[in-house]
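Colleague: I'd like to learn how to read a model like this one, feature by feature. Can you walk me through it?

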Amino acid sequence: MTTEPAVRRSILVPIDLHGTSRGSLETLVRLARLLDRRLLGLLLDDIRLQQVADLPFTTEISLAGGRERNLLRDHLSQRQTLVSGNTRRILDDLAQHNRVELAFENATGSRLRTSLERGGQLDIFFPARQRWQLLAASRSATGSAIRRLGIVLAGTAQDQNVVETTRLLQEARLVAEIYVISVGPLDRSALDKLYRPGSRICVQANLRCEPKTIVQLVSQSQYDLLLLPRDCLKGVPPEGLEAALDKASGQVLVIN
């Protein structure tokens, strides 16, 4: 009797016009190598930006030929090519150096909707938006790759994967501080699995797993990386979560 090999899990990272910092890509590849995951880079053409580009005030008339040209669409197209190419090149180099399997696909849509619509064994890595304040802070940071790790334990089927991911990050000494956010009373066995001599673990219990609370948690995240069970996203309005991810100062890994 033969058994089918287990399906290898993957981490999806959406890549859009805003780009992704090298530091975020380095964290992503480290996670993939540590968790033995494949990487899937989703190169996005955001339809919302194309809709803006179609507005009438973004066109000009060429004096030479008398033809209309859409300035914003041209600019967006050039930037999309530049950002996608640069991100792909960096991710290729990092994946090759760390021996992580990597593939790319093209898609159209916002990074949240398009990522969540994907099927299969996919965790989803949402990089923080690039801002000069965040870049300056990351350059001055020292020590562990993930200084502050936030994990949500919500009594869902994904909690075990959240704890296991945290444990592996600890063993690799990639985490300095762990903040456990529990929906309801915390299961003591989870803390026992995470405890290591000298480790610092802070606990916040009785989080309410409601759409408004999850949106606030993501948008106001003080963590370098937040591990969030996908079941916590049920019922959360996509527009609110998309806005929260845009405001988040740290990375978010949705555990499937």
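Colleague: Let's start with a helix. How many residues does α6 have, and how far does α6 reach from its first C-alpha to its last?

Modeller: Keep in mind that this is a predicted model. α6 has 13 residues and spans 18 Å between its first and last C-alpha, close to the 18 Å expected at 1.5 Å a residue.

Colleague: Which residues of α6 are buried?

Modeller: Here's the general idea: an α-helix has 3.6 residues a turn, so residues three or four places apart point the same way. In this helix, the buried residues are Asp159, Val162, Val163, Thr165, Thr166, Leu168, Leu169 and Gln170.

Colleague: And what covers the buried residues of α6?

Modeller: The cover includes two helices, α1 and α7 (188–194), along with the strands β7 (146–153), β8, β10 (225–229) and β11 (251–255).

Colleague: What happens to the backbone just after α6?

Modeller: Most residues other than glycine have a negative phi, and most peptide bonds are trans. Arginine 173, just after α6, takes a positive phi of about 60 degrees. Arginine 173 sits in the loop that runs between α6 (159–171) and β8 (175–182).

Colleague: Is arginine 173 buried or exposed?

Modeller: Exposed, because its relative accessibility is 73% and the cut-off for exposed is over 50%.

Colleague: Which other residue has a positive phi although it is not a glycine?

Modeller: Look at aspartate 36, where phi is about 60 degrees. Aspartate 36 lies in the loop between α1 (22–35) and β2 (38–45). With a relative accessible area of 49%, aspartate 36 is partly exposed.

Colleague: Now a strand. Where is glycine 150, and is glycine 150 buried or exposed?

Modeller: Glycine 150 belongs to strand β7. Its relative accessibility is 0%, so glycine 150 counts as buried.

Colleague: What is glycine 150 in contact with?

Modeller: Setting aside neighbours within four places in sequence, glycine 150 contacts Tyr179, Tyr223, Leu225, Leu226 and Leu227. Take leucine 225: 75 residues separate glycine 150 and leucine 225 in sequence, yet their C-alphas are 6.2 Å apart in space.

Colleague: How much of the chain's contacts come from residues 24 or more positions apart?

Modeller: Such pairs make up 77% of the contacts with a separation of 6 or more. For context, the chain has nine helices and 11 strands, and 45% of its 256 residues count as buried. About 14,100 Å² is exposed, with carbon and sulfur atoms supplying 49% of that area.

Colleague: Let's try a polar side chain. What does the side chain of asparagine 98 reach?

Modeller: The side chain of asparagine 98 reaches the backbone oxygen of leucine 94, at 2.8 Å. Asparagine 98 is in helix α3 (residues 71–98), and counts as buried because its relative accessible area is 15%, where the cut-off is under 20%. Beyond four places in sequence, asparagine 98 touches Val29 and Arg33.

Colleague: Last one: where does pLDDT stay under 50?

Modeller: Start with the overall figure: the chain averages a pLDDT of 82, and 79% of the residues score at least 70. One stretch under 50 is residues 60–64, for which the model has eight contacts beyond four places in sequence. Another is residues 132–143, with four such contacts.

Conventions
Residues numbered from 1 in each chain as written. Predicted model: local features only at pLDDT ≥ 70, side-chain atom pairs only at ≥ 80, totals over all residues. Heavy atoms only, no water. Helix = DSSP H or I, 4+ residues; strand = E, 2+ residues; numbered from the N terminus. Buried < 20%, exposed > 50% of the residue type's maximum accessible area, 1.4 Å probe, protein only. Contact = heavy atoms within 4.5 Å. Areas by Shrake-Rupley, 256 points an atom, 1.4 Å probe, with all protein chains shown as cover. Polar contact = N/O pair within 3.5 Å; in protein donor to acceptor, adjacent residues only side chain to side chain. pLDDT = per-residue confidence, 0-100. Expected span 1.5 Å × (residues − 1).
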